[in-house]
Amino acid sequence: MDTERTRHALGSGAGQKADRESEAGFLSGAEAFLSQLKASGVEYLFSNSGTDFPPIIEAFARASTTQLSFPTPLLVSHEAVAMGMAHGFFLVTARPQAVMVHVNVGLANATMGIINAASDNVPVIVCSGRTPITETGRPGSRTTPIHWGQEMRDQAAMVREIVKWDYELRYADQAIEVVSRAVSLATSDPPGPVYLSLPREALAEISASDVRTRKSVAAQLGRPLNDAVEKAAELLANAKSPLVIAQRGTGCGDFDPLSAFVDRYALPTCEFWATRNSLSTAHPMHIGRDPTDWLRRADVVLVLDSMVPWIPDQVAPPAGCKTIALGSDPLFSRVPMRGYPFDVLLTGGPAEAVRALDEALATHKDLDRTQISDRRRDVRARRDTIRQQIRSRIEAGSGSPMSPAWVSHCISQAKDPSAVVFSELACDPVAMTFEKPRTLFTVPQAGGLGWALPAALGAQLADPASEVIACVGDGSYIFSNPVACHHMASAHRLPVLTIVFNNGIWNAVRRATVGMYPNGAAAHANKMPLTSLEPSPDYCGIARAHGAHAERVERGEELPSALKRAFEHVRTSRRQTLLEVMVSY
């Protein structure tokens, strides 16, 4: 039976069953799609299924017969959680995963997660079914009223501005090429999510697709142009007060080459609104997360893969200060308006760009070793002052309610040095120590709430033996679809420790209002409108309903022992655990 005859012979009615016994050598669109995902390195298909999924479900059910290799299917009970899990999985492994959701309604729920992934340059292969195109005559044709209600003229338009690329699968025999292209584009520099729309008829269609899947290849940027490197090296060689501002570091699996580079030339490095830790907190050039005082006296600033290196309305480099931007897309071209002035652009892979800059500086004729030594002493003295200020903040916050700094310090003291922390509007990172790379991830700058707990679940899935902690504000916890999250933790034995920082308020909204109207009526109101989260739900009860150990902690002196119990449950019993801690704002 040739391909065209197979397509039509199997399309005599939506209710008819295809006789697959006579189709040796042929693949359904779903089988080709899943096979190529697996061949491209995708280990999991995080799914929230719907009526568009029967060909996918049938393909998985037949896998033992067809001997085809597919990603592991994982049913996730909310689309935002599926996106967060794929996001977190990538952060700790650098391996992109796939998410499949139900037509336009599932895509709508997943959209916030797609926005976060795009903001954080995280590649996710996002797929959704598409309501059947045909009303009769083909396998997969419409069979339920929602197939009319969910029809759209351009379903991909929902996410087109967010993703790097989108496409709708037309025919089953396209599937291998389409998936291969999707993975290649998602992982090419700068990486990010892509979207595939999968009509039910195309997934059900049988074709003579070549079962030999292909390897997806990403386009990776190498070193920036030599002229740009030389210009940047000259500025840094002559700088008296240089500053490095890093958001994502070099993206490597370790702190090198950035760690060696900034140490060699005594370049103070600030992690301003960093989404991933760039240096060990013990590194002599790590100056914390506030660049304000350093920026005001800087004469050269190296902006390392940072979308927002400073807030122009609050602080800016002094007149005459030179700025260098480094990254795979140093101008962040996807952001419609971003007015930071730069004198030199180093466009390339961040790790390779830092190495090139390091090499150029090493032999630069203007490099003053005495000046580097003087700067190193100055940074050390200023770091000592900063650490003393942090210690004072920690000690002052141990009462009731506790300060976020105190809670963060206690977590840092109790966690394993290799523990991975996901923080969303909760931790005070300057009160914590992080000695290893990929051990602190914070909410992407898109700010789609409910990210940290699902991301922590994805990280735990990627490395079951690791210690994973999700630190979330109470509002962020509500946004995370906690029932779906704890259900996933229970179903897949993911012993994540969740710590809910409960201040009973949308604190980011409160701060923004006070920032705009410091002497306004809202700032002086007994209860600021549109910010209160009272009365608080029973957060512990939500977790306990899914078999978690859960405690509420109200006094700072009680927290160390509560954390000790929590970690015992996580480490010994491998049981998900939640602590609700009462904090000030």
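Look at strand 17 first: Leu497, Ile499 and Phe501 point one way, Thr498, Val500 and Asn502 point the other way, and all of them are buried. Keep in mind that this is a predicted model. The strand covers residues 497–502, and with six of its six residues buried it counts as mostly covered. Buried here means under 20% relative accessible area.

So who sits beside this strand? On one pairing, strand 16 (residues 468–473) runs parallel to strand 17, and five bridges join them. If you want a spot to check by eye, go to Ala470, whose bridge partner in strand 17 is Thr498. Strand 19 (residues 577–582) is also parallel to strand 17, and here the link is made by six bridges. For that pairing, try Phe501, which stands opposite Val581 in strand 19. Phe501 belongs to the set that points the way of Leu497 and Ile499, while Thr498, the partner of Ala470, belongs to the set that points the other way.

Now for the empty space. Rolling a probe the size of a water molecule over the atoms shows where such space is left. Searching the whole structure turns up three cavities of 30 Å³ or more. Here are the largest and the second largest, side by side:

| Cavity | Volume | Top contributor to the lining | Lining by class |
|---|---|---|---|
| Largest | about 90 Å³ | helix 5, five residues | seven nonpolar, eight polar, no charged residues |
| Second largest | about 40 Å³ | helix 14, three residues | six nonpolar, one polar, two charged residues |

Which residues should you click on to find the largest cavity? Its lining has 15 residues, and Ala80, Gly113, Asn116, Gly450 and Trp451 lie nearest the centre. Two elements give two or more residues to this lining, helix 5 (79–93) and helix 6 (103–119). Helix 5 has the largest share, with five residues. There is no charged residue anywhere in this lining, just seven nonpolar and eight polar ones.

The second largest cavity holds about 40 Å³ of space. Around it you'll find Leu236, Ala237, Ala239, Tyr265, Leu367, Asp368, Gln371, Ile372 and Arg375. Helix 10 (226–237) and helix 14 (369–396) are the elements that give two or more residues to this lining, and helix 14 gives the most, with three. What is the split by class? Six of the lining residues are nonpolar, one is polar and two are charged.

Technical notes: Residues numbered from 1 in each chain as written. Predicted model: local features only at pLDDT ≥ 70, side-chain atom pairs only at ≥ 80, totals over all residues. Heavy atoms only, no water. 1 Å grid on protein atoms, 1.4 Å probe; cavity = no way out; pocket = protein on both sides within 12 Å on 5 of 7 lines; lining within 4 Å. Points joined across faces, edges and corners; volume = space filled by probe spheres on them. Helix = DSSP H or I, 4+ residues; strand = E, 2+ residues; numbered from the N terminus. Nonpolar A, V, L, I, M, F, W, Y, C, P; charged D, E, K, R; others polar. Buried < 20%, exposed > 50% of the residue type's maximum accessible area, 1.4 Å probe, protein only. Pairing = 2+ DSSP bridges.
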